[in-house]
Amino acid sequence: MSAPVQECPVCLRDARDEAACPGCGWTLRGDRVLGHPTPEQERGFAAALAAARREVDLRAALLAAGYPGHGDPGLLGRLRGFARGGPTAGLPVEALTVEDPAGEDPVTHGEDDVRAAAATALDRLTGDHDRLTAVELTPEGVRAAVFTAGEVCAGLRGPVTGRSWRDLLPALPADDDLRRFRLAGGIGDTRPDPALLAAQADAAAPATDGPVLLLVRVPGWALPERVAARLRERGPSTELRLPPTGRTLTDDGVAALLALAPLRRDVGLVVADTGPGGRVRTAVRRVFPAGTTAAAAEPVTLAVRTPAVASAEFTLAVVAAAADDDPARWRPLAVTRARLRPAEEHRVDFTLAAGARVGVRCADDVTARHVPAAGLDAEWAATRAAVPETYRPADVPGADLAFAVELGGARDAVRERLALVAETVALVDAEHHAPASVRYAVLAYLDHSATRTDPGHVVRAFPLGAAADCLEFLGTLTPANPVYSHAAPVEDALLLAVRLAWRRTGAHRALVVLGSRPPHPTEDLGASAPRCPRRVGEGAQLRALRDLGVRLVGVWDRPDWTRPDHNDRFGRRGRAFWNRFGDRGLLDHRTTTAPDLVRGLDVRARAPEPHPLLLPLGGTR
């Protein structure tokens, strides 16, 4: 038998006491040979050794360049230059098959496998296994993230960490390509220190505590495989051998993994149920049930009702419920303070993000303040402390609704306008939570004439009053013949609307303009659109109404001469005026119904069934 060797002459692997190298298979101890080898035998041995060395280096170059499945030809061309014996000597690269010792492609998993494995591992983070370390070995270095079980859902313990191979293995060369070649097991003409590199690789494995999710994006690379071996030795692990092109442990990638973790508790909105005598019990109205993942969760919309209290700021508290009904054991996840109108139904949207982060969104016109995560516990404690023992509804300011109606025009069109106003008044009176708190006004405008120039003569007015009186007044109105084809005294009606006795505090205020023609101009535009006799401009009146906090809605019976293809001054004026109401505030006379107009006025009808109330509640403790 030949004398034992300390390292393999082909791949420099520590191979003491081995008959063949466990890394490359080179025979280290063969049969005895009688006498000295002949020159021909020595040349044959030298050629075989050179070929084996080239094959090891070329195989390393192929692996480092991403072959067989994700090869980079440009990178391979550079890495082949490091092979012992030159890049073109010996066995051609095209004839090599890059296989691991088991004879299979080293890449055996894909990105879907990462998600499936992560979902399973995160779901198991309970009890004795409350921590999972994910380690990703990439061509650049080692990244690690530690996931914890969490009280409500798996979370991340600290930031994602990462170290480069140059930092972890300082014995590697500084050149990027040569370093990559050596990591994959290449040797080259410049001899490395294999023992030092092996020791540094053994020490490069990040600290772990509990199960490991090992993502190997450099499968078959010699030095990263040593790191992987050290991680396997520490305990249970799930290992995936992945293409070198992807990355999982980035900030976005970790968030995507966390989104696969299921909720361990129901998550819902805190509401107040009232019982006999007004007694209050806080409860959780479920939004996302236990087992929901952020990756699969759809947005949820809930209808909620604000209590009849003087305050206009309400608390939308989202918590993770506990097994018992003790609010002190509920975990706050989101607290939003929103300015909502009291004693009305509102719709709130909820979204679920990774790490049990809940988004809360009210309507676009609602002012809301979201409490930062650091202040959630204190805000939730203050909210609990403010819940009264009993709930006593308070008087809530109502609404002032005014309707400016054009009486000039085709009789059927005018009758439809008046009918829409009457139906809207009747609907609000029937379904409002406090109908006696709503006042109505009607400003029915005729055309200017020689005897009708003052707004008091042009507009027939019903001041703010009760629904029954308003409906009676509407019954006295009749259509009138228009005098001017391209203008109507809308400006006079708006002037009187500004002068109405609007309630300034608390009450909802809205004005609906129902008509066809635009206001009179302040300068003559001809016989069909003379200037307003009193030089009243509609712009100043609209601004004054908005300053009063009056919501403006238009219901336009659009005449043909305002269609987009009519680009004369009359068509442009007509479109410009009615477009002042905006996309959300302008309704089509032909299709608008009373319920449509109620929604446009933002006067919400009473809910068919009472909903639990938002906090806080007025009352006594």
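## Strand S11 and its partners

Start with a single pairing in this predicted model: alanine 317 has valine 335, in S11, as its bridge partner. That pair belongs to a longer run, since S10 (residues 313-320) and S11 are joined by 8 bridges. The two strands run antiparallel.

S11 also pairs with S14 (residues 368-370), again antiparallel, through 3 bridges. Here threonine 336 is the one to look at: its bridge partner is histidine 370 in S14. And how much of S11 is buried? Of the 9 residues in this strand (331-339), 7 are buried, so call it mostly covered.

## The six-stranded sheet

Further along the chain there's an open sheet of 6 strands. Reading across, the order goes S18-S17-S16-S19-S20-S21, and the pairing is mixed. Which strands stand at the edges? Those are S18 (459-465) and S21 (586-588). Each has a single partner strand, so one side of each is left without a neighbour in the sheet. From one strand to the next, the twist averages 15°.

Within this sheet, S16 (residues 399-406) and S17 (residues 438-445) run parallel and share 8 bridges. If you want one pair to find on screen, take aspartate 400, whose bridge partner in S17 is arginine 439. As a reminder, strands of a sheet pair through backbone hydrogen bonds, whether parallel or antiparallel.

## Helices packed on that sheet

Two helices are worth a look here. H12 (residues 467-474) packs on the sheet and touches S17 and S18. The direction of H12 makes about 165° with that of S18.

Then there's H15 (residues 569-578), which also packs on the sheet. Which strands does H15 touch? Its contacts are with S19 (508-515), S20 (550-556) and S21. Against S20, the direction of H15 makes about 140°.

## The chain as a whole

Zooming out, the protein chain has 17 helices and 22 strands. It runs to 621 residues, and 49% of them count as buried. The accessible surface comes to about 29200 Å², with 51% of that belonging to carbon and sulfur atoms.

What about contacts across the sequence? Taking contacts with a separation of 6 or more, 73% are between residues 24 or more positions apart. The pairing of S11 with both S10 and S14, and the sheet order that puts S16 beside S19, are handy places to start tracing the strands.

How values were computed. Residues numbered from 1 in each chain as written. Predicted model: local features only at pLDDT ≥ 70, side-chain atom pairs only at ≥ 80, totals over all residues. Heavy atoms only, no water. Pairing = 2+ DSSP bridges. Helix = DSSP H or I, 4+ residues; strand = E, 2+ residues; numbered from the N terminus. Axes fitted to C-alpha atoms, helices over the stretch in contact; angles between N-to-C directions. Contact = heavy atoms within 4.5 Å. Buried < 20%, exposed > 50% of the residue type's maximum accessible area, 1.4 Å probe, protein only. Areas by Shrake-Rupley, 256 points an atom, 1.4 Å probe, with all protein chains shown as cover.
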